[in-house]
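Good morning, everyone, and thank you for making room for this short talk. Please take a moment to look at the sequence and the model before I begin.

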Amino acid sequence: MSEAILWLDRLRLTDLAEVGGKNASLGEMIGNLASADVAVPGGYATTASAFVEYLAQSGLAKRIEQRLSTLDIEDVSALAVAGAEIRQWMVETPLTERLEKAIRSGYTELAERVGHADPAVAVRSSATAEDLPDASFAGQQETFLNVRGIDDVLVKVHEVFASLYNDRAIAYRVHHGFDHAQVALSAGIQQMVRSDLACSGVLFTIDTESGFKDVVFATGSWGLGEMVVQGAVNPDEFYLYKPSLRSGKRALLRRSLGAKQQRMVYSSVEGERVRIETTPPELVSQFCLNVKELTELGRIALAIEAHYDRPMDVEWAKDGENGKIYVVQARPETVKSRESTQKLEKYHLQQRGEVLVEGRAIGQKIGAGKAKIIASSAEMHRVEAGDVLVTDMTDPDWEPIMKRAAAIVTNRGGRTCHAAIIARELGIPAIVGSTRGTRAIKEGQAVTISCAEGDTGYVYDGELPFEIINTDLGAMPSAPLKVMMNVANPERAFDFAQLPNAGIGLARLEMIIASHIGVHPKALLEFDLQDEETRELIEQRMAGYDDPVSYYVDRLAEGIATLTAAFAPNPVIVRLSDFKSNEYANLIGGRRYEPHEENPMLGFRGASRYVDPSFKDCFELECRALRIVREEMGLTNAWAMIPFVRTVSEAEKVIETLAEFGLERGKDGLKVIMMCELPSNALLAEDFLEHFDGFSIGSNDLTQLTLGLDRDSALIADSFDERNPAVKFLIERAIKACLAAGKYIGICGQGPSDHPDLAAWLLDQGIESVSLNPDTVVDTWLMLAKHATTRAEG
């Protein structure tokens, strides 16, 4: 007769049929990754054989089979009745004497191993069909935390067994083609990690939205991990760059501070294992992990992924008593890792409307329908096919009706919560952590859910038109020049990097400063001199960062690093800030430091600002951020680009200033490019090129300054055309000068994106690269390839 329990340290993946996916994976890590310093709490597992023996009592297995044979799982009410009936049968059926004795013996031995009479344990479910590479079964069965004493352990094992027939578990097996009778359950009894005194969360060794494989994406919140998994909190989010982790360099790409509204902790009340409390304000304003801890978490993630040789989904917990990070679960990632890398499907919203609410985008798709505000699972039957499900949060019980929805919106939750995981598996868009979705959206209101605009998802009023664009990347011809992209938003970087490209030809710092920082750099340098209102606004924004200056530098570095990592090893040309004085004035604290100019377009901007004593210390912060990316993170594919250089003497000064601040042209391969956007730049191209490694033509400013018109004026908009002979004369001159000098020449203005004939002309002139808006890359690529073929054929 087979054993009724097995110790986790004896298990391997080959034992999946006996202890289920979760427990087999725990044993696999304990046995193979301890040498890599991956800590996994110990414990033991009941066996599938013991479970089958338990079901055989009193003909229970046969009764269950008969009850499910005629069940229509699409009938939510009938499913609920059948599930409750089966679970009641299971609770009423006692554990076998052999199994109960083995569980008692195991708990006694565990107590001896950990040196505690009544050790706190987690009692987890582990099904023989879960945590497979093609089906996660996430959250299908129950988990119980902080279980103490053998009597309570036995009760929870019984409840875990019964949870094999939760409504959602029954429906999930049917949807994925699993025979109920062929799925057995193992209960894992595992030593608790005291994350109630610290934090816990979930990580993926792949970006869950774009499928970008060079990052570890982690979420975390204070207390026990169930709050993150259930989607009860909006957690902190972190991205770590795998190549930097492997080389021992600074690896944190970016982070965002979550609301972390509540935390789950141990309860001291008799009969209550855990309780949920409001997170203390001082913890809400802190990231739950520091950089050193994140680096350790990243190292653990890489070790697990390397062992399993596939992207993984990992639950982690930090022990508040010893400060160590433990792995409590690991399973294969089952959505993005299975998608084709040659087939590109992009959703594009053709019209925007009023934004009702926003949150974290899941799924990169768009859905529309009538909103159904669902307060509890008792109302699930109201959701019909094509509705938009709007609720506070979901749990696995909601799964049978989630697949009916055109989209999902929740008030709470992060990108690794249950609603997010199931939405990805079902292939429907979801917005989680919207905070006020159930209040901002009305019952029956027609809405459009757009998750195709980056990390932030938007709920628009009305059903708006959208299109789906499918591209076969495997059929793309070779491009006759380098096709780069204009990308300013770090949130879209991983997504856009999936397009064919030769790098980023224009990465504008203004987008990062305006959207991710929002404060004038001088106001941060002189924080103590600001008025009380301004200081409060700054303190709200810099929560989680060490000080005002670090906030600016680190946020800027995180934005640059995300863009640069996404497109590595291809070059990313980072244009240093080109705000005009009126735009700088609109930042928090900015009006105190900016002059009023009648024509800011031609005023205090670009290179002249960098070298001016009033702004030079602000420019040093930009240089510091770029140095972090290149030197501390090892992302040397980041180049620097200087905008609006009026004179050759100004060019000399800015190159000297860059070197003064540690960005020496040529050092560690640093290339410094100049925006060729003034007529003087093209007319004196040879002189300017003595100080730079090439030009990037800014056709927008070059056109307006050549033709003497304001590109923002609607009155003369019809005259703005980059194809004007005077503009083309200057562009041609700049191209010839760069080719003669053997230096880089590209274009990053709007022109080639708007005018395919201009892009073809640029190709004929011998330009090295065109940098396009991402939505025009594929069409322009195909057009240029065709043009080159036609030209060659003659």
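Why does the sulfur of Cys-199 form no bond with the closest cysteine sulfur? The closest one belongs to Cys-288, and because it is 4.3 Å away, it is too far for a bond. The term disulfide is kept for a pair of cysteine sulfur atoms within 2.5 Å, and a search of the whole structure finds 0 disulfides. Cys-451 is in no disulfide either, since the nearest cysteine sulfur, that of Cys-417, is 12 Å away.

Before going further, I should say that this is a predicted model, in which local features need pLDDT of at least 70 and side-chain atom pairs count only at pLDDT 80 or more, while totals for chains, interfaces and linings use all residues. Residues are numbered from 1 along each chain as its sequence is written, and side-chain values use heavy atoms, with hydrogens and water left out.

Let me stay with the two cysteines for a moment. Are Cys-199 and Cys-451 buried or exposed? Cys-199 is buried, with a relative accessible area of 0%, and Cys-451, at 2% relative accessibility, counts as buried as well. Here, buried means under 20% relative accessible area, exposed means over 50%, and partly exposed lies in between, with a 1.4 Å probe and protein chains only.

Now to the empty spaces inside the model. On a 1 Å grid over the protein atoms alone, a cavity is a set of points where a 1.4 Å probe fits but cannot get out, whereas a pocket is an open set with protein on both sides within 12 Å along at least five of seven lines, and lining residues have an atom within 4 Å of a point. Grid points are joined across faces, edges and corners, and a volume is the space filled by probe spheres set on the points.

How many cavities of 30 Å³ or more does the search find? It finds 3 in the whole structure, and the largest holds about 170 Å³ of space. Of the 18 residues that line this largest cavity, Arg-124, Ser-195, Gly-225, Ala-317 and Val-328 are the closest to its centre. Strands E5 (185-191), E6 (199-204) and E12 (312-318), together with helix H8 (226-230), each supply at least two residues of that lining, and E12 gives the most, with 3 residues. I use helices (H or I, at least four residues) and strands (E, at least two) as DSSP runs, numbered from the N terminus.

The second largest cavity has a volume of about 90 Å³, and among its 12 lining residues, Phe-204, Glu-333, Thr-334, Val-335 and Ile-421 lie nearest its centre. Strand E13 (325-332) and helix H13 (418-426) are the elements that give two or more residues to this lining, with the largest share, 3 residues, coming from H13.

Let us turn from cavities to a pocket. The second largest pocket contains about 1000 Å³ of space, and it is lined by 37 residues, of which Ser-256, Leu-257, Gly-258, Arg-360 and Arg-555 lie nearest its centre. Several elements give two or more residues to this lining, including strands E8 (236-241) and E9 (252-256), while H19 gives the most, with 4 residues.

Strands E8 and E9 also belong together in another way, for they pair in the antiparallel sense over 4 bridges, where pairing requires that DSSP finds at least two bridges between two strands. In E9, the bridge partner of Tyr-239 is Arg-254, and E9 is mostly covered, with 4 of its 5 residues buried.

Finally, which strands close into barrels? In one barrel, 7 strands follow the order E15-E19-E18-E17-E16-E20-E21, with mixed pairing. Within it, strand E20 (residues 446-450) and strand E21 (residues 456-461) run antiparallel and are joined by 4 bridges, and Val-447 has Asp-461 in E21 as its bridge partner. A closed barrel of 8 strands runs E23-E24-E25-E26-E27-E28-E29-E30, and its pairing is parallel. There, strand E29 (residues 744-747) and strand E30 (residues 769-772) pair in the parallel sense over 2 bridges, and the bridge partner of Ile-747 in E30 is Val-770.
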